[in-house]
Amino acid sequence: MDHTPGQERIIDLLPSRSKVVLCNWLKTQKQNGSWAHLTEVTCDLWEPYRQAVQQVLGFEPTADRFHVQHQFNQRIDQTRRELQRKLPEEQKDVLKGLRWILLKPSPQLSQEELQRLQPARDTFPEIRQLLDCRDQLRALFDNPQIDSPQKGKAALEAWMIPVRDLGSNALNKFCDTLSRWIDPISRYFISRANNGRTEGYNRGLRMLVGR
């Protein structure tokens, strides 16, 4: 999708997510002169996308911040499920019905949702740590003073130090992903480009296909 302000449009729909398909398509577009003014490519955390952009266009893509945050939310949900499986029946109610509240950004929670969440935060240090770290990461992405890839990379690396010290398996796995993708993720701070509009179109198309 073209994210040029005022010219937003779907460019094409490819038959698969494979590196070969994407490389062939990028090469064709490049030969046609379509990328003469291209300055940035955003993508999710799918390695073939990254490799294809590097191979054909010769630069690092920008990783979409919302896919990074989605990865973190997956770790929160994984932790919730693991805790719930281990709890005796009389304690499972503490986490019951909290899935979507746990995955919702803290600033967007209603007062009622905050009250429902508080017992889980008080009872389970793992949940509290994950939510606090997620809020810190979100604040980092929203910080207007981080205005270059170099500053972004430094901030992300600094964020990971105390996070890894917590000794959480879920957090360490996320930090491993963050470390592998830190250069594309840090490029977000160039222009704060993201795939939000593209994901909206994808959801709409999936709904249409489902019908």
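A disulfide is here taken as a pair of cysteine sulfur atoms within 2.5 Å, and by this criterion the predicted model holds 0 disulfides. Two cysteines illustrate the point. The sulfur of C23 has its closest cysteine partner in C43, at a distance of 13 Å, which is too far for a bond; C23 itself counts as buried, with a relative accessibility of 4%. C133 likewise takes part in no disulfide, the nearest cysteine sulfur being that of C175 at 8.0 Å, and C133 is also buried, because its relative accessibility is 5% and the cut-off for burial is under 20%.

With regard to the overall architecture, the protein contains 11 helices and 2 strands, which follow one another along the sequence in the pattern α-β-α-β-α-α-α-α-α-α-α-α-α. The C-alpha atoms fill a box of roughly 65 × 45 × 30 Å along the principal axes. Of the 211 residues in the protein, 39% are buried, and among contacts with a separation of 6 or more, 64% are made by residues 24 or more positions apart. The accessible surface amounts to about 12400 Å², and carbon and sulfur atoms account for 50% of this area. The protein carries 32 positive and 26 negative charges, and the mean positions of these two sets lie 4 Å apart.

The largest nonpolar core comprises 38 residues, within which F72, W159, L178 and I185 have the most contacts. Two or more residues are given to this core by each of the elements α3 (65-86), α4 (99-103), α5 (111-123), α6 (125-142), α7, α8 (169-180), α9 (182-186) and α10 (188-191), and the greatest contribution, of 7 residues, comes from α6. When neighbours within four places in sequence are left aside, W159 is in contact with F72, C133, Q136, L137, L140, F174, C175 and L178; the two cysteines whose sulfurs are 8.0 Å apart, C133 and C175, are thus both among the contacts of this tryptophan. A second core, separate from the one just described, consists of 10 residues and includes L22, L26, W35 and A52.

Two arginines were examined individually. R164 is located in helix α7, which spans residues 149-165, and is partly exposed, its relative accessible area being 31%. Apart from neighbours within four places in sequence, R164 is in contact with N172, C175, D176 and S179, so that C175 appears in the contact lists of both R164 and W159, where contact means heavy atoms within 4.5 Å. The C-alpha atom of R164 is separated by 42 Å from that of Q29, a residue 135 positions away along the chain.

The second arginine, R192, is found in the loop between α10 and α11 (196-210). Most residues other than glycine have a negative phi. R192, although not a glycine, has a positive phi of about 60 degrees. With a relative accessibility of 26%, R192 counts as partly exposed.

Methods:
Residues are numbered from 1 along each chain as its sequence is written. This is a predicted model: local features need pLDDT of at least 70, side-chain atom pairs count only at pLDDT 80 or more; totals for chains, interfaces and linings use all residues. Side-chain values use heavy atoms; hydrogens and water are left out. Helices (H or I, at least four residues) and strands (E, at least two) are DSSP runs, numbered from the N terminus. Buried means under 20% relative accessible area, exposed over 50%, partly exposed in between (1.4 Å probe, protein chains only). A nonpolar core is a set of buried Ala, Val, Leu, Ile, Met, Phe, Trp, Tyr and Cys residues joined through side-chain atoms within 4.5 Å. Accessible areas come from the Shrake-Rupley method with a 1.4 Å probe; for residues, only the protein chains shown count as cover. Lys and Arg count as positive and Asp and Glu as negative; His and the chain ends are not counted. The place of a charge is taken as NZ of Lys, CZ of Arg, CG of Asp or CD of Glu.
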